[in-house]
Amino acid sequence: MSGDRNGGTERLGIDELLEQVRAGFDRIGPHEAAAAAADGALLVDIRYAALRDRDGLIPGALVVERNELEWRLDPQGSHRAPEAVSHDLQVVVVCNEGYASSLAVASLQQLGLHRATDLIGGFQAWRAAGLPVRA
């Protein structure tokens, strides 16, 4: 007996895990995210405070630390944000470069937020596209 807690199955590395979770939703680019927000989608910035302080914020984005994300966006949760009104809400998760956001989306989809997606390239892609940023 090898002691393998995965029952003898091969373990996924982070690159494989990202590929697997991203296959479950359509990611969007910066201009698509801006258009989605203009149409009522909720942009959710999960970057930690030091990055927000250093680089600024996307105007209108809801800031939710990654470790609070599921509690704040679950429409049935007792700690939900006022913006978390429905499982049908389109949510676009934004991290710094578009990696952690993909894993966050997988978790939100498990909670029933079936329209959750993330921003390819994260905040850095948003800024590079010349979209609005405030200090």
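Visitor: Before we start, what counts as buried, and what as exposed?

Guide: Buried means under 20% relative accessible area, exposed over 50%, and partly exposed in between, with a 1.4 Å probe and protein chains only. This is a predicted model: local features need pLDDT of at least 70, side-chain atom pairs count only at pLDDT 80 or more, and totals for chains, interfaces and linings use all residues. Residues are numbered from 1 along each chain as its sequence is written, and side-chain values use heavy atoms, with hydrogens and water left out.

Visitor: Aspartate 45, then. Buried or exposed?

Guide: Buried. Its relative accessible area is 0%. Aspartate 45 sits in strand β1. Strands (E, at least two residues) and helices (H or I, at least four) are DSSP runs, numbered from the N terminus.

Visitor: What does aspartate 45 touch?

Guide: Leaving out residues up to four places away in sequence, aspartate 45 touches Arg52, Leu57, Ala61, Leu62, Val63, Val64 and Val94. Contact here means heavy atoms within 4.5 Å.

Visitor: And how are the strands ordered in the sheet?

Guide: The order is β2-β1-β3-β4, in an open sheet of four strands with parallel pairing. β2 (62–63) and β4 (117–118) are the edge strands; each has a single partner, so one side of each has no neighbour in the sheet. Two strands pair if DSSP finds at least two bridges between them.

Visitor: How many bridges between β1 and β3?

Guide: Four, in the parallel sense, joining residues 42–45 of β1 and 91–94 of β3. Valine 44 faces valine 93 of β3.

Visitor: Switching to helices. Where does α5 lie?

Guide: Helix α5 (residues 100–110) lies across β3 and β4. It runs at about 145 degrees to β3. Axes are lines fitted to C-alpha atoms, for helices over the stretch in contact, and angles run from 0 to 180 degrees between N-to-C directions.

Visitor: Which α5 residues are buried?

Guide: Ser101, Ser102, Ala104, Val105, Ser107 and Leu108. Their cover includes α1 (14–22), α4, β3 and β4.

Visitor: What comes just after α5?

Guide: Glycine 112, with a positive phi of about 100 degrees.

Visitor: Back to α4. Which α5 side chain makes a polar contact with glutamate 70?

Guide: Serine 107, at 2.6 Å. A polar contact is a pair of N or O atoms within 3.5 Å; within protein, one must be able to donate a hydrogen and the other to accept it, and residues adjacent in sequence count only if both atoms are side-chain atoms. Glutamate 70 belongs to α4 (residues 69–73) and is buried, at 14%.
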